[in-house]
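Student: I have a model open and would like to talk through its side chains with you. Could we go pair by pair?

Tutor: Happily, let us look at it together.

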Amino acid sequence: MIVRKIFSVETGHIVRNCSSDRCKYTHHGHSAKIELFFESEYLDNAGMVMDFGLMKNDIKAFIDMMDHCYLFCSAEDEEFKNFHRLYNNRWIELPFIPSAEMLSIFIFRFVEQIIRFTIFTNGERGVRLKSVRYHETDTCYAECDKADAMRYTPERFAELLDGITFSDELSAGMPENLVKKLGGTAVPNPETEQQIRP
C-alpha cells in the first residue's frame, strides 16, 4: 500500500552550470510542491500505512525549514555566501547545486532519517519512504527513490549532514525531537488511545 502527503514551500536559489541564463545567473524563487510517498505491506491499528497526522510533526517541521528560505551551494564564492548569510535570516548552505533533482535527494535522505529513528506506537510496521517528488513549477518535477538517494549522496547520512549548514534562525527553531532523530536517537510517537478493537 502506498500513501502520499503533499507539502508546499516558497524557496529561492540559483542553479549554476545549467543551460538557462535566467536560472544560472539570476536569483529566483519557486512555489515548490513536495510529495512524499510512504509504503508498507501492513496497516496500523487505524487501518493506515501511517497516520497523516503524524506527518505534521517532525517531517513537516523539517520541510517547513525550507519555506521562505534561500538555498545555496557551498562552492559559491565567499562574497556571494556572505551576502546571503548577512541579509537573510533563513538560508541553507548545501554541498551541492540546489537543483530540483538534488533537492529531492536532500529531502529523501532527511525524511528517511526521521522515519528510521521514529518509534511507532500504533501498530505501524515496515513503514518506508518510497519516493519524493519535488515540483519546482506546475510543469516539472524531479523524483527520487532509495536507489537514487544512495547513488548521488554519501552512503553514510552523517557525511551528508556534515556538509550542510542551517542559518541560526533555522537551527534555533528546530524542534528537539527532530534534532534527536537527525542525530540518530530514536524517539517514540505519542501513544494513541484505542477506542475499539477490530
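Tutor: Let us start with Phe110, which has a relative accessible area of 0% and so counts as buried. Keep in mind that this is a predicted model.

Student: Phe110 pairs with Phe166, so is the pair stacked, tilted or edge-to-face?

Tutor: Look at the two rings first: the centres of Phe110 and Phe166 are 6.3 Å apart. Planes over 60 degrees apart fall into one class, and here the angle is 85°, so the pair is edge-to-face.

Student: How many residues apart in sequence are the parts that Phe110 and Phe166 tie together?

Tutor: Phe166 counts as buried at 14% relative accessibility. Phe110 belongs to helix H4 and Phe166 to strand S8, so their pair joins parts separated in sequence by 56 residues.

Student: What is the angle between the planes of Phe96 and Phe106?

Tutor: Across the model there are 9 aromatic pairs. In the pair of Phe96 and Phe106 the centres are 6.2 Å apart, and the pair is tilted, with the planes at 55°.

Student: Where do Phe96 and Phe106 lie?

Tutor: Both residues count as buried, Phe96 at 10% relative accessibility and Phe106 at 1%. Phe96 is in the loop between strand S4 and helix H4, while Phe106 is in helix H4.

Student: Which residues do ring pairs link into a cluster?

Tutor: We have already met four members of this cluster: Phe96, Phe106, Phe110 and Phe166. With Phe62 added, the ring pairs link Phe62, Phe96, Phe106, Phe110 and Phe166.

Student: On to charges: how far apart are N and O in the salt bridge of Glu35 and Arg4?

Tutor: Glu35 is in strand S2 and Arg4 in strand S1, so this pair ties together parts 31 residues apart in sequence. Glu35 counts as buried at 2% relative accessibility, whereas Arg4 is partly exposed at 44%. A salt bridge needs the two atoms within 4 Å, and for Glu35 and Arg4 the distance from N to O is 2.6 Å.

Student: Which residues are linked with Arg4 and Glu35 in a network of salt bridges?

Tutor: The model holds 19 salt bridges by count. The network that includes Arg4 and Glu35 also takes in Arg133 and Glu143.

Student: Which residue forms a salt bridge with Glu76?

Tutor: Glu76 counts as buried at 12% relative accessibility. Its closest N and O atoms to the partner are 2.8 Å apart, and that partner is Arg16.

Student: Asp44 is buried, so what is its nearest side chain of opposite charge?

Tutor: Asp44 sits in the loop between strand S2 and helix H2. Asp44 has no salt bridge, as the nearest side chain of opposite charge is 10.0 Å away. That side chain belongs to Arg125.

Student: Over which ring does the charged end of Arg125 sit?

Tutor: A charge over a ring must lie within 6 Å of the ring centre. The charged end of Arg125 is 3.7 Å from the centre of the ring in question, that of Tyr42.

Student: Which backbone nitrogen lies 2.8 Å from a polar atom of the side chain of Asp44?

Tutor: Farther along the sequence, beyond four places, Asp44 contacts Asp51, Asn122, Gly123 and Glu124. The backbone nitrogen at 2.8 Å from its side chain is that of Ala46.

Student: Which backbone oxygen does the side chain of Thr121 reach?

Tutor: Thr121 lies in the loop between strand S5 and strand S6, and its contacts include Pro188 and Asn189. At a distance of 2.9 Å, its side chain reaches the backbone oxygen of Pro190.

Conventions. Residues numbered from 1 in each chain as written. Predicted model: local features only at pLDDT ≥ 70, side-chain atom pairs only at ≥ 80, totals over all residues. Heavy atoms only, no water. Helix = DSSP H or I, 4+ residues; strand = E, 2+ residues; numbered from the N terminus. Buried < 20%, exposed > 50% of the residue type's maximum accessible area, 1.4 Å probe, protein only. Lys, Arg positive; Asp, Glu negative; His and termini not counted. Polar contact = N/O pair within 3.5 Å; in protein donor to acceptor, adjacent residues only side chain to side chain. Contact = heavy atoms within 4.5 Å. Phe/Tyr/Trp six-rings, centres within 6.5 Å; stacked < 30°, edge-to-face > 60°. Lys NZ or Arg CZ within 6 Å of the ring centre and 35° of its normal.
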